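Visitor: Before we begin, I would ask that each term be justified by its criterion. Please show me the model.

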Amino acid sequence: MTRPFLLRGIRRYGAGEPVNLLVRNGLIAELGASVDGTGAEIFNGGGLVALPGLVDLHTHLREPGREDTETIATGSAAAALGGYTAVFAMANTDPVADTAVVVEYVYRRGRDIGLVDVHPVGAVTAGLHGQRLAELGAMATSAAAVRLFSDDGLCVHDSLLMRRALEYACGLGGVIAQHAEDPRLTAGAQAHEGRVAARLGLAGWPPAAEESIVARDCLLARDAGAALHICHVSSAGTVELLRWAKRRSIRVSAEVTPHHLLLTDERLSGYDPVNKVNPPLRTAADTEALRTALAEGIVDCVATDHAPHAAQDKDCEWSAARPGMLGLQTALSVVIATMVQPGLLDWRGVARVMSERPAQIGRAADQGRPIAVGEPANLVLVDPDATWTVHGVQLASLADNTPYEGMELPGRVVLTMLRGQVTTEDGKVQG
Amino acid sequence: MRHLLTTAGLPRKTVTALLDTAEALKQSLLGREVRKLPTLRGRTVVTLFYESSTRTRASFEIAGKWMSADVVNISAGGSAVAKGESLRDTALTLTAMGADCVVLRHPASGAAHRLAGWVPAHVINAGDGTHQHPTQALLDAATLRERLGDLNGRTVTIIGDVLHSRVARSNIELLITLGARIRLVAPPTLLPRDVAHWGNALASTSGDWPVTVSHDLDAALPGSDAVMMLRVQTERMHGEFFPSAREYAISYGLTEARLGLLPEHAVVLHPGPMLRGMEIAYSVADSPRAAITEQVRNGVHVRMAVLYHLLAGRDDQTPGEEV
């Protein structure tokens, strides 16, 4: 039995008077202005914003296979430092997470490290080859209890296979997370198909490649009555399709990445591949539409698509570079800059899009819970007034290239707690 | 000027200085038996080519040699590159050996930009993917200036595969800087996105963007002071960009009849290599209107001028005494 822990003077969801929160046995035991928690370890919150621990539906931890760029340990540390208490680890590892054996390995490694809950995402198709279904049932009934399935990095583009996947996963209480990209429309694509890429001579990735798959999959989900999740929505057109589908009560949810909320293709003029990502950075009109959609709930949540890459895969010519960027330790700050500061979301809203909705979509029952007595003590304390400057080498990830290098961002994670255990405090991993 | 990576955002003053230098070099070499200037003695120029090339590579080599630079040619096929070495490492190796200038041709757009950030040497972009080929645009401008004089207010019609053409992109940017108007004629499948509205697409450039688009070659020819034919790359012929080579030639080929639609003074340019009978009729390529061999000749002088401006480090001067 661990010692009780008192968080003194925190503001739940950044609102109201500061309260004290007593944690006992991994749960929120008492809550109120007069809770004193005699004998407890005390942390002075000083009016910090308290949110439920963040949940990331879209993380690449790279283990097994590319432990030179990230491991479950380093990725867990980056997540905890970023305010996360749960991450969903994408299946495109080597070997691919398409069997019970691999997902159980990832799950157990995550549990042993213990900084965040690591929920493995299972591949939809064997080997991510897009040809036949992986053993979704075996992964669902494994110790990892997989509920989220995705071929992320690749699109399940075969219409019949996608239909079957949606139907089959439905029977497991699962959801298919689609990387929406018609591969025929993006052959050789390097950047958003717009003026910038055209002038720079970079082959275009048209929004229609994403939107056509989103439209198709919404119709398939409608007919199957199945749950569909759209990964990393990048275009204003996709937002319109989601609006249409949600109005018709189709069971579709969607995520947006921090980088698609903040960065645009205008950053490409120097050809620095830190800006290369899939789907690509698009235009200011797209970031605008995505921010509005997130505020309205048309896009349900923020997911990082944290994708570490080795220096040699980024410090090279643009077309040779791998797509993807770090995200776990910058996500909250980017959301503050793009959503909170402009008044599009309050802290209650941040809790919704970065913790509650992702936990619901990923079926993580004990995450994204209210900050209330009896609930699991998965919490993050945020100093909303602090700013910090991003330096890749100071981040916990093994890869250190980031498009945010040198950028000053608002908001700082002061403390993260997983089931009553402090995982990070003042930028340092605990325990 | 430290590098020559793109014609976008290149100041008009710099362009004019380069063209003036090229012209001065051409005049001074005219009729000489020994075409050798001592200007770049002791300087090492490396041409690093990741794509096959005959004319551009030879042109740079001759330009360097006529200015007494030591020129080393490296092809990707027969070198460490074939063993998997990265562009960055190859370039660092070459500059460690003392290369003062790297002339790079590479299939990746932006490769020269990246190289300029990696090595201490001067970098000349000799073609990067579908992005830019600045010395080609300069030699085209030099040729047009010889034939037409000042390019201010002139209309240059560029015909063919603009989408995949670094020649077109370089020329559009450079000719606009020199005051010309650009008309692009191509099937919609071979035009880059929004090409008539690129003016503010990059932070380094802004404002006036006199580019128009048309799909009707016959209508475009009478108002043209020059036409620039682009090579149709064979790999495009099977990429659903147009139905057949025959249909392309009928719609966009510069035939004898179409030559007659051009004004008397109009110039015909082609960057080569040409596909006679495809984008340009056999006889048109040899007609007095065509300036194709002049383009090649000017290429050497333009590249001498670029090497001079980069390596002799004098932006606004033309070579004087030593010429």
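Visitor: What makes a residue of chain A count as buried, and what share is buried?
Guide: A residue is buried if 20 or more other C-beta atoms, placed from the backbone, lie within 10 Å of its own (12 or fewer: exposed; in between: partly exposed). By that criterion, 60% of the 431 residues in chain A are buried. This is a predicted model, in which local features need pLDDT of at least 70 and side-chain atom pairs count only at pLDDT 80 or more, while totals for chains, interfaces and linings use all residues. Residues are numbered from 1 along each chain as its sequence is written, with chains lettered from A and ligands numbered from 1 in the order in which they are written.

Visitor: How do you know whether the radius of gyration of chain A agrees with a compact globule?
Guide: The rule, taken over C-alpha atoms, is 2.2 Å times the number of residues to the power 0.38. For 431 residues it gives a value near 22 Å; chain A has 21 Å, and therefore agrees. Its C-alpha atoms fill a box of roughly 65 × 45 × 45 Å along the principal axes.

Visitor: What makes up the secondary structure of chain A?
Guide: Chain A has eleven helices and 19 strands, these being DSSP runs numbered from the N terminus (helices: H or I, at least four residues; strands: E, at least two).

Visitor: Why are S3(B) and S4(B) called paired?
Guide: Pairing requires at least two DSSP bridges between two strands. Strand S3 (residues 101-106) of chain B and S4(B) have five, in the parallel sense, and are therefore paired. Val103(B) has Ile124(B) in S4(B) as its bridge partner.
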